[in-house]
Amino acid sequence: MSVASELKIVFTGPMGAGKTTAITAVSDFPPVSTEMRNNDQQSFAKESTTVALDLGQIGLEDGTVVRLYGTPGQERFSFMWEIIGRGAMGVILLLDGSSPAVLDDLKTYTEVFRRIAPEQPFVIGVGRTRPDDNAQIEACMRVLEALQFSAPMFSVDVRKREDVLLLIETLLATLEVRQPEIENEPA
Ligand SMILES: Nc1nc2c(ncn2[C@@H]2O[C@H](COP(=O)(O)OP(=O)(O)OP(=O)(O)O)[C@@H](O)[C@H]2O)c(=O)[nH]1
Ligand SMILES: [Mg+2]
């Protein structure tokens, strides 16, 4: 199978940022999920949490299959990040813009995934931002600058398919710019 026909993308980010929701919003089939009852309502109040991974898939018009992997957000499952990150072509980092920890989360996940996937492009989606307030995004951009790292960043609602597609398409466009030969790879 050629590089062009199958790509792996990893969605990561803290608990409740919306990794499972994002993959479900775009996957061509109901994703394989490993949701369990959430016993950590303090970290994030919701019914279930991912304990191993999410796995969805989206087929592009040119026949390329993009496999969408989601990491678990809970710290105790962080050993899975490395396993899931292996072989990824790119990383989509989702953040919860309404969380007081958003800047710390951005720093932590960027540093960890820079190590796990040092050459791969990143795209960042910040959810639950207020539409009339760009301050949150600007603060995130400053954190990235301080880390001497640049990545496209969007305000998103991961429940909306078009917002998730924007993240995926931006990542794929970045990959094509970096590796134009992928386009011409024989099947
Ligand atoms: N109101 C609102 N809810 C959102 C928004 N984005 C995501 N959500 C909700 O937030 C929740 C996110 O949950 P998950 O998709 O399970 O999050 P996750 O990142 O997979 O979490 P873990 O697997 O526990 O790490 C879902 O209930 C979404 O519907 C948003 O912009 N606004
Ligand atoms: Mg999840």
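**Entry 1: the metal site**

I began with the magnesium ion (ligand 2), and I found that its protein donors are OG1 of Thr-20 and OG1 of Thr-50, which lie 2.0 to 2.1 Å from the ion. These two residues come from distant parts of the chain, since Thr-20 belongs to helix H1 (residues 19-26) and Thr-50 to strand E3 (residues 48-59), with their positions 30 residues apart. I noted at this point that I am working with a predicted model.

I then asked myself whether each donor is buried or exposed, or something in between. Thr-20 has 22% relative accessibility, so I put it down as partly exposed. Thr-50 has 5%, and therefore I put this residue down as buried. The cut-off I needed for both decisions is that buried means under 20% relative accessible area.

**Entry 2: one residue in a strand**

Next I looked up Val-126, which has its place in strand E6 (residues 122-127). Its relative accessible area is 0%, and so Val-126 counts as buried.

Which residues does Val-126 touch, if those up to four places away in sequence are not counted? I listed Leu-95, Gly-97, Ile-137, Cys-140, Met-153, Phe-154, Ser-155 and Val-156. I also checked Val-126 against Thr-64, and between their C-alpha atoms I read a distance of 27 Å, while in sequence the two residues are 62 residues apart.

**Entry 3: the whole chain**

After these single residues I turned to the fold, and I counted six helices and seven strands in the protein. Reading from the N terminus, I wrote the order of the elements as β-α-β-β-β-α-β-α-β-α-β-α-α.

How much of the contact pattern joins residues 24 or more positions apart? Among the contacts with a separation of 6 or more, such residues account for 70%.

For the overall dimensions, I noted that the C-alpha atoms fill a box of roughly 50 × 35 × 30 Å along the principal axes. The radius of gyration is 16 Å, and because a compact globule of 187 residues would have a value near 16 Å, the protein agrees with that expectation.

**Entry 4: surface and charge**

Of the 187 residues, I recorded that 47% count as buried. The accessible surface of the protein comes to about 9800 Å², and carbon and sulfur atoms hold 51% of that area.

Last, I looked at the charges, of which 17 are positive and 27 are negative, and I found that the mean positions of the two groups are 6 Å apart.

How values were computed:
Residues are numbered from 1 along each chain as its sequence is written. Chains are lettered from A and ligands numbered from 1 in the order in which they are written. This is a predicted model: local features need pLDDT of at least 70, side-chain atom pairs count only at pLDDT 80 or more; totals for chains, interfaces and linings use all residues. Side-chain values use heavy atoms; hydrogens and water are left out. Helices (H or I, at least four residues) and strands (E, at least two) are DSSP runs, numbered from the N terminus. The radius of gyration is taken over C-alpha atoms; the globule rule is 2.2 Å times the number of residues to the power 0.38. Buried means under 20% relative accessible area, exposed over 50%, partly exposed in between (1.4 Å probe, protein chains only). Contact means heavy atoms within 4.5 Å. Accessible areas come from the Shrake-Rupley method with a 1.4 Å probe; for residues, only the protein chains shown count as cover. Lys and Arg count as positive and Asp and Glu as negative; His and the chain ends are not counted. The place of a charge is taken as NZ of Lys, CZ of Arg, CG of Asp or CD of Glu. Donors are N, O and S atoms within 2.8 Å of the metal (3.2 Å for Na, K and Ca); water is not among the atoms, so sites may look incomplete.
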